[in-house]
Structures are given as C-alpha cells and as structure tokens.
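Biologist: Could you take me through one part of this structure slowly, the way you would for someone in their first year? I'd like to look closely at how the helices pack and what sits around the ligands.

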Amino acid sequence: MIDMTTSVPPAPVQAYDRLTRALHWATAGIVLLQFAMGETWSWFGAGWKGTARDIHTSIGFAFAVLLLFRLYWLFARRRRTTAGPADNRLAILVHLALYALLVAETMAGFEWRWSGTRPLFVFGAHLTCVPCRLDKTGHHIVATLHNYGAWTIMALAFGHAAVVLWRHYVRRDGILGRMLPAARRA
Ligand code: HEM
Ligand code: HEM
C-alpha cells in the first residue's frame, strides 16, 4: 500500500519564498551600488576615492556574508519556487552563471586587497590574511578579474532583467511576480 503522507510531492508554490525574494533584491541592489561606486569614485577627487574604497570593501564584506547565506538557502533546498512551464534550461544556466560570477567577483575583491599594499578595511577594522598574499602578477590578475567580472555581471544581469521584463509584459507569463510579494503579483 502506498503511504500517501510521504510519497506525494509538495505542491509547487507560485513564487519564490519571502526570504529568497528578499535575498534576490538585496543582491541586485548591492551589486548595482558596488558597480556604480567602483566606476565613479575617481570622478570626485582623492579624498572621496579613499573613503569610497573603504565603504566598497565594507559593503563587500556584508555582501560576502549575504551571498554565503543565499547559497546555503539555494543548495540546502530551503528556497522554494514554481516548477512550472515558464522554467527553461537557459534561464537556469544564466542563474547559475550569475551565482558563479558573484562568488568569483567577491573572492577577487578580497584578494585584490590581500595581494596588494593597501590594507583591507571592513567597517573600520583591519582584516588581514597572510596566506592569501600573491606576487605582483597575481595581484594584477585578481584586479583584472574583478574589473572585467564587474562588467560581465552587469551585462548578464541586464540581459536577465530584460528577458524577465519581456516575458512579463510581452509574453505575459507573469514571471516577474515570482520575485514580488503576493499583493504585487499580476
Ligand atoms: C544585479 C542584478 C541581478 C542579479 C545578480 C540577479 C540574479 C538572479 C538570480 C541568481 C536568480 C535565480 C534565483 C534562484 O533560482 O535562486 C534570479 C531570478 C530572478 N530575477 Fe534576478 N537578478 C538581478 C536583477 C533582476 C532584476 C532587475 C529583475 C527584474 C526586472 C529580476 C528578476 C528576476 C526574476 C523574476 C527571477 C525569477 C526567474 C525565474 O524563476 O525563472 N532580477 N535573479
Ligand atoms: C559583487 C559586487 C561587486 C562589484 C559589482 C564590484 C565592482 C567594482 C568595480 C567596478 C571596481 C573598480 C574597478 C577598477 O577600478 O578597475 C571595484 C574595485 C574594487 N573592489 Fe569591488 N565590486 C564588488 C564586490 C567587491 C567585494 C565583495 C570586495 C571585497 C572586499 C571588493 C573589493 C574591491 C577592491 C579592493 C577594489 C579596488 C579598489 C582600489 O584600490 O582601486 N569588491 N569593484
């Protein structure tokens, strides 16, 4: 006899759970802010650049914690979503690429400091990592990776958002609603 209490899969939910939605929008906001800061701090003089770089690494540290938690939430299968016809392999691939790039970008950011001469400040505290030191070539590589990584993330995130908006407003499959609270779902 089939045990109906254990063999019936849970009904798919029509949107991501509340915490996943919060993590998604926090990630998007921080990534945009970090990018905008990194690309503009040299426009406003050396004083602001020094401060902005320490703000960038402090936010970067908070972002690393958020990202670790987000990955735990994803891989521990605590995050829930619809397994409906709107899902496709390309979307999954783009999401995985975004996660991978965010991890690489974060690691390269920390290494940029730990491999160079300028100390890493996180909310005023000096964070060191002696085994993380690299030679000049390594330092140059992580800096280049962080720089190009930022542009690649922005390009992919822009494409991702454009597809979401197209599907939502042109194809009308309501995909945007998966990342919105129930009251704002069309
Ligand atoms: C830097 C900006 C962004 C990043 C890094 C990002 C990243 C991601 C990732 C990794 C996922 C997969 C979530 C998962 O399965 O765990 C996702 C899903 C999603 N994102 Fe974004 N996102 C960004 C911006 C946006 C924007 C601006 C929008 C709205 C226009 C948006 C709408 C969505 C929606 C609706 C989903 C669910 C898609 C589905 O279930 O197939 N995202 N995003
Ligand atoms: C994932 C979001 C992030 C984005 C989009 C981003 C973006 C940028 C950009 C555009 C620059 C300027 C690049 C250049 O001048 O060539 C930069 C520099 C930098 N970022 Fe990030 N960043 C992110 C996260 C982080 C994290 C997590 C850290 C770790 C602490 C970090 C540490 C740094 C450092 C140390 C610099 C070099 C500052 C300098 O001395 O000029 N970033 N970032």
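**A close look at the helix bundle**

Modeller: Let's start with one stretch of chain: residues 55–76 are 95% helix and 0% strand, and the C-alpha atoms at the two ends are 31 Å apart. Keep in mind that this is a predicted model. Residues 88–110 read much like that, with 96% helix, 0% strand and end C-alpha atoms 34 Å apart. Both stretches carry a label in UniProt: the unreviewed entry annotates "transmembrane region" at residues 22–43, 55–76, 88–110 and 148–170.

Now for how the helices sit against each other. Two packed helices are described by the angle between their axes and the distance between those axes. Take α2 and α3 to begin with: their axes are 10 Å apart, and the packing angle is about 155 degrees. That angle is why α2 counts as roughly antiparallel to α3. The crossing of α2 past α3 is left-handed. If you want to find the contact on screen, α2 brings residues including L23, T27, I30, Q34 and G38, and α3 answers with, among them, H56, G60, F63 and W73. Sorted by class, that α2–α3 contact holds 11 nonpolar, six polar and one charged residues.

Move along to α3 and α4. Here the axes are again described by a distance of 10 Å, and the angle is about 145 degrees. α3 also goes past α4 in a left-handed crossing. On the α3 side you'll find T57, G60, F63, A64, L67 and L71, while α4 offers Y99, L102, V103, T106, G109 and R113. This contact of α3 with α4 divides into seven nonpolar, four polar and one charged residues. Notice G60 and F63: they belong to the α3 side here, and they turned up in the contact with α2 too.

Next come α4 and α5, whose axes come within 9 Å and cross at roughly 155 degrees. These two are therefore roughly antiparallel to each other, and their crossing is left-handed. Among the α4 residues in this contact are V94, L98, L101, E105, G109 and W112, and the α5 residues include V142, H146, G149, I153, A157 and H160. By class, the α4–α5 contact has 15 nonpolar, five polar and two charged residues.

With the helices in place, turn to the ligands. Around ligand 2 there are 24 residues, and the closest are Q34, G38, G60, G109 and N147. The elements giving two or more residues to that shell are α2 (18–40), α3 (45–75), α4 (89–114) and α5 (136–171). Some of these names should ring a bell: Q34, G38 and G60 are part of the α2–α3 contact, and G109 is in the contact of α4 with α5. The shell around ligand 2 is made up of 10 nonpolar, nine polar and five charged residues.

Ligand 1 has 22 residues around it, with A28, V31, H95, A157 and A161 coming nearest. Its shell draws at least two residues from each of α2, α4 and α5. By class, the shell around ligand 1 has 14 nonpolar, five polar and three charged residues. A157 is worth clicking on, as this residue also takes part in the contact between α4 and α5.

Definitions and conventions. Residues are numbered from 1 along each chain as its sequence is written. Chains are lettered from A and ligands numbered from 1 in the order in which they are written. This is a predicted model: local features need pLDDT of at least 70, side-chain atom pairs count only at pLDDT 80 or more; totals for chains, interfaces and linings use all residues. UniProt positions are given in the numbering used here, feature names are shortened, and annotations may be inferred rather than shown by experiment. Helices (H or I, at least four residues) and strands (E, at least two) are DSSP runs, numbered from the N terminus. A residue is near a molecule or strand if its C-beta atom, placed from the backbone, lies within 6 Å of it. Ala, Val, Leu, Ile, Met, Phe, Trp, Tyr, Cys and Pro count as nonpolar, Asp, Glu, Lys and Arg as charged, and the others, Gly among them, as polar. Axes are lines fitted to C-alpha atoms, for helices over the stretch in contact, and angles run from 0 to 180 degrees between N-to-C directions. Angles under 35 degrees count as roughly parallel, over 145 as roughly antiparallel, 65 to 115 as roughly perpendicular and the rest as oblique. A crossing is left-handed if the near helix is turned anticlockwise from the far one by less than a right angle, and right-handed if clockwise. Two residues are in contact if their C-beta atoms, placed from the backbone, lie within 7 Å.
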